[in-house]
Amino acid sequence: MNVFAGVRSAAGAEQKDAGSAGGEALLELTPHRMAVCHLVQVFAPPGAQQEGGPATPPFPFESVAHHNRLGLFLFSLTRSCEDFLEPPLEELLRQLKAVDDLVNGWLCEQLTTTLSGLISPDDLFNFFDKLRGVLTSPEGASVEDDFLDPNSQLGVYLRCCIIAFNSMTFEGVCHLLSNLVAYCNSAETSYDLAEDEDFNSEMEMSDLMDADIGVRAGVFDKYGQGYATESHMGESSSSFIHAPISLHDFDEDENPTCLRSRWQLEAYLNQQADILEKDPSSVPLNSFNATMTQLQTLAPELHRVQFLQHLNALSHDDYVSALDNLHRYVDYSAGQGLFSRSLSANQDIIVGKYESALLSLGSLHCYFGHPKKALEAFTEAVRVSQMNNDDSCLAYILGAISNLLSKIGISSTVGIIGSPYSLGNNSGLGTPLSIQQQLLVLLKRSLKRADMLKLTSLISFDHISLAKFDLKHVQRPLVSFGPNASTKLRTCPADVCKNLRLSSHVLSDFGTGDLSTSHDNGSFSTSWLRNLSAASSSWCSSSTKPGKQIVNDFDNFHFNAQPSPIPTSVLQLAGSAYLMRATAWEHYGSAPMVRMNALVYTTCFADAASSPELSLAYVKLIQQLVVFKGYSVAFGALKLAEEKFPSSTNPHIHLLKMQLLHDRALHRGHLRVAQQICDEFGVLSSSVSGVDIELKTEASLRHARTLLAAKQFSQAAVVANSLFSTCYKYNMQVENASVLLLLAEIHKKSDNAVLGLPYALASQSFCKSFNLDLLEASATLTLAELWLALGSSHAKRALSLVYQSLPMILGHGGLELRARAHIVLAKCYLTDPEYSVSEDPCAVLDPLNQAAEDLQVLEYHDMAAEAYYLKAMAYNHLGKEGEREEAAARFKEHVTAVENPRDEEASLAY
């Protein structure tokens with residue numbers, strides 16, 4: 001039994017639905033489909049089981065593997081959706097050569113001979129009559145001996161083609177013959193036109209020769225359904241799918257009746273939507289719109305084309321065009337065909353409904369930074385969904401609202417959806433919920449509905465959102481007093497890890513039940529054919545070289561033609577969990593775990609990842625490089641990243657470049673350049689309140705650091721205090737820990753250690769509440785410096801604090817933090833009146849030498865000057881004048897570099 005005998009598709013299960021058009025054909029018959037039918041007949045000839053037995057492949061196949069290769073090729077041809085036009089005969093023959101190599105072109109020769117022999121309607125009748133024998137059992141054979149299952153993908157394809165031929169009028173047959181002539185001539189095959197006497201009248205001959213190209217435009221008007229199920233958007237193959245050049249240079253005179261089936265057209269539109277999501281910069285705005293307009297002209301009822309134009313305008317930040325195309329799509333579709341991202345076997349959103357349009361409108365406003373308009377659209381969508389009992393759409397809307405609330409800053413404590421009490425509260429006291437409590441309630445409601453409706457993708461998304469919430473928020477109970485009130489005021493890393501682990505189940509659940517079979521959208525077959533063509537090209541190029549022969553081309557075939565069958569949306573959700581793990585470990589302070597998860601993401605999920613997410617993974621890896629290897633290595637990696645993601649079009653890479661340039665300018669003492677970069681930070685963020693709040697926070701934080709480096713302590717304190725108020729207003733507690741630490745640094749450097757102590761202690765408290773272990777170690781180090789500034793009597797206490805933070809700093813800290821810890825450790829010993837340098841010089845010199853080495857890599861002149869100053873003091877106590885003078889000279893070099901900076905413009909180059 002052949003491996004394809006039992007391959008079934010959703011087409012067989014939904015055959016009744018596809019044939020509900022009142023007896024019309026299931027798809028339009030074209031020369032390309034006839035060519036595929038002929039190859040299916042060669043793959044499964046009538047009576048093959050009786051001739052050779054179940055273990056012997058039919059002629060001309062040399063082995064079962066060779067036979068299965070053709071079956072894979074045919075399966076991919078019937079599902080491919082790389083283009084909305086069918087491939088010409090020349091392209092089909094080129095692909096077939098990869099399968100035909102072992103029989104010296106026999107398949108290609110038979111195909112061209114068979115097609116050129118169809119010169120009359122009788123020939124067509126005999127051709128399709130023979131096809132019926134492929135689907136029937138040989139005489140005397142049992143059911144188990146059927147070579148091709150009529151309900152398999154290839155079996156359903158043959159049946160649809162036979163029904164299409166039986167439904168054709170005589171004029172349609174004549175048009176088919178005319179198209180067959182052009183199809184064969186496109187490959188420059190010898191093909192003689194039929195003589196006039198082969199037809200009944202001059203009128204029929206005229207109809208045959210003057211076949212109107214408008215027949216193609218009416219293909220979908222006549223046949224409303226394809227032969228297979230409707231696909232979902234977002235599950236593309238792992239390889240990038242770029243529209244071929246023929247899409248933009250289409251010539252109607254050269255490609256008659258070239259539209260694919262409706263199922264393939266919808267799958268093609270889904271793939272274009274995936275391209276817009278993964279790498280929108282690779283899709284030109286005008287040429288893509290021209291292609292979509294051309295497709296809509298050929299198939300006017302494909303309103304998804306307008307939705308693709310909406311996504312294209314969205315990806316190119318064209319607000320007016322995006323809004324116009326969305327309105328046009330909703331107006332013209334009249335309830336037909338909105339994309340769904342779910343992995344459920346059931347339809348998630350009844351397509352084209354008003355609530356679905358509102359969901360898209362809210363997402364549009366959220367993308368362009370209009371939070372109030374987005375909330376208005378989502379609120380109306382919730383109302384309509386509840387009125388229409390559309391639970392699936394309501395679950396997605398709740399997920400979209402929670403995503404919006406997590407991205408924007410809202411300081412009000414009133415309710416988001418309707419009244420302050422619309423989300424409900426468990427306290428029963430009638431008090432309105434805070435924004436964070438509303439967000440948590442929305443996430444849990446969305447997760448509950450998604451779990452009830454088996455919306456696997458939404459379940460995974462909600463788990464990732466809950467992990468993000470648990471990472472940055474302490475879940476306070478609604479009842480915060482009484483004997484049963486919880487006193488726990490810390491985040492729980494175990495909950496974060498649990499949600500991230502549960503979100504990854506979308507990958508393990510794929511392939512079970514209907515989750516994988518219901519989402520075969522043709523992407524796997526498309527990628528398979530593309531890789532097959534590449535393998536064929538490599539064989540052709542290698543065969544032309546003398547002295548080179550491929551002994552086993554089947555291994556080469558297998559290696560080059562194995563795309564991933566897992567949909568892109570599944571891989572994206574699974575990859576997002578690893579990216580979120582990297583973010584979580586950044587907060588917790590584990591550098592090895594950050595690198596490991598970022599590397600897993602870039603290695604395993606790069607093909608399916610969208611451009612913003614993949615660039616974010618690159619950013620995390622480069623940030624690790626600058627922390628542990630210095631700027632030269634980091635900027636080298638940045639150049640490679642910019643080749644893949646140009647900083648002019650990728651905000652993550654552009655922001656990383658500015659961060660590195662600002663940090664290096666501060667370390668070198670180039671304050672004018674640092675201030676210039678700070679001004680550019682302010683331009684990047686939106687002027688809308690609450691939008692880009694994280695970017696605005698970073699811009700203010702860097703501005704305060706620049707003022708601190710310039711010793712403008714009062715102005716730096718004003719900026720930091722204003723930033724603290726902003727973070728408190730928007731409940732950004734994790735950022736508040738960094739701001740408080742910055743205030744402590746400002747008071748430390750302005751010789752106000754007493755005023756800096758409360759800020760350092762408050763920052764330490766925040767770090768403990770949110771499990772920010774590495775930042776807590778840095779705060780402890782600052783606390784030790786503040787105690788040292790109060791006098792030598794506090795040296796023991798400061799030394800104890802340094803030793804308390806050293807394990808975390810030396811295990812996970814970067815070059816700067818380790819150098820700072822070594823310097824503070826040496827200062828504690830030198831300040832302690834009970835310590836003598838002559839008795840234990842290594843306790844001071846070893847950490848100072850290590851600090852100087854690390855700071856040399858970072859080009860941090862200010863801190864390096866402090867390290868060499870302490871070294872000079874230590875050598876002076878030891879009486880080593882030579883080493884003392886050398887350390888003093890290095891100290892002078894670094895001080896001069898800070899006070900009289902040179903080549904400041906060089907800080908902008910890398």
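**Burial, exposure and backbone angles in a predicted model**

Visitor: Where is Asn771 found?

Guide: In this predicted model, Asn771 is found in the loop between α37 (753-769) and α38.

Visitor: Why is Asn771 called buried?

Guide: Its relative accessible area is 11%. Buried means under 20%, so Asn771 is buried.

Visitor: What is notable about the phi of Asn771?

Guide: Asn771 has a positive phi of about 55 degrees although it is not a glycine. Most residues other than glycine have a negative phi.

Visitor: Where is Lys454, and why is Lys454 called exposed?

Guide: Lys454 is placed in the loop between α21 (435-453) and α22 (456-472). Its relative accessible area is 55%; the cut-off for exposed is over 50%, so Lys454 is exposed. Lys454, although not a glycine, also has a positive phi, of about 60 degrees.

Visitor: Why is Met593 called partly exposed?

Guide: Met593, in helix α29 (residues 591-604), has a relative accessible area of 27%. Partly exposed lies between the limits of 20% and 50%, so Met593 is partly exposed.

Visitor: How do you know that Glu776 has no salt bridge?

Guide: Glu776 belongs to helix α38 (residues 773-789) and is buried. The nearest side chain of opposite charge, Lys768, is 4.3 Å away. A salt bridge requires a distance within 4 Å, so Glu776 has none. Lys768 is nonetheless among the residues that Glu776 touches, along with Gln764 and Cys767; contact extends to heavy atoms within 4.5 Å.

Visitor: What makes the buried residues of α7 line one face of the helix?

Guide: Leu107, Cys108, Leu111 and Leu115 are buried in helix α7 (residues 106-116). Seen down the axis of α7, the buried residues fall within an arc of 100 degrees, so they line one face.

Technical notes
Residues are numbered from 1 along each chain as its sequence is written. This is a predicted model: local features need pLDDT of at least 70, side-chain atom pairs count only at pLDDT 80 or more; totals for chains, interfaces and linings use all residues. Side-chain values use heavy atoms; hydrogens and water are left out. Buried means under 20% relative accessible area, exposed over 50%, partly exposed in between (1.4 Å probe, protein chains only). Helices (H or I, at least four residues) and strands (E, at least two) are DSSP runs, numbered from the N terminus. The arc is that of the directions from the helix axis to the C-beta atoms. Lys and Arg count as positive and Asp and Glu as negative; His and the chain ends are not counted. Lists of a residue's contacts leave out its neighbours within four places in sequence.
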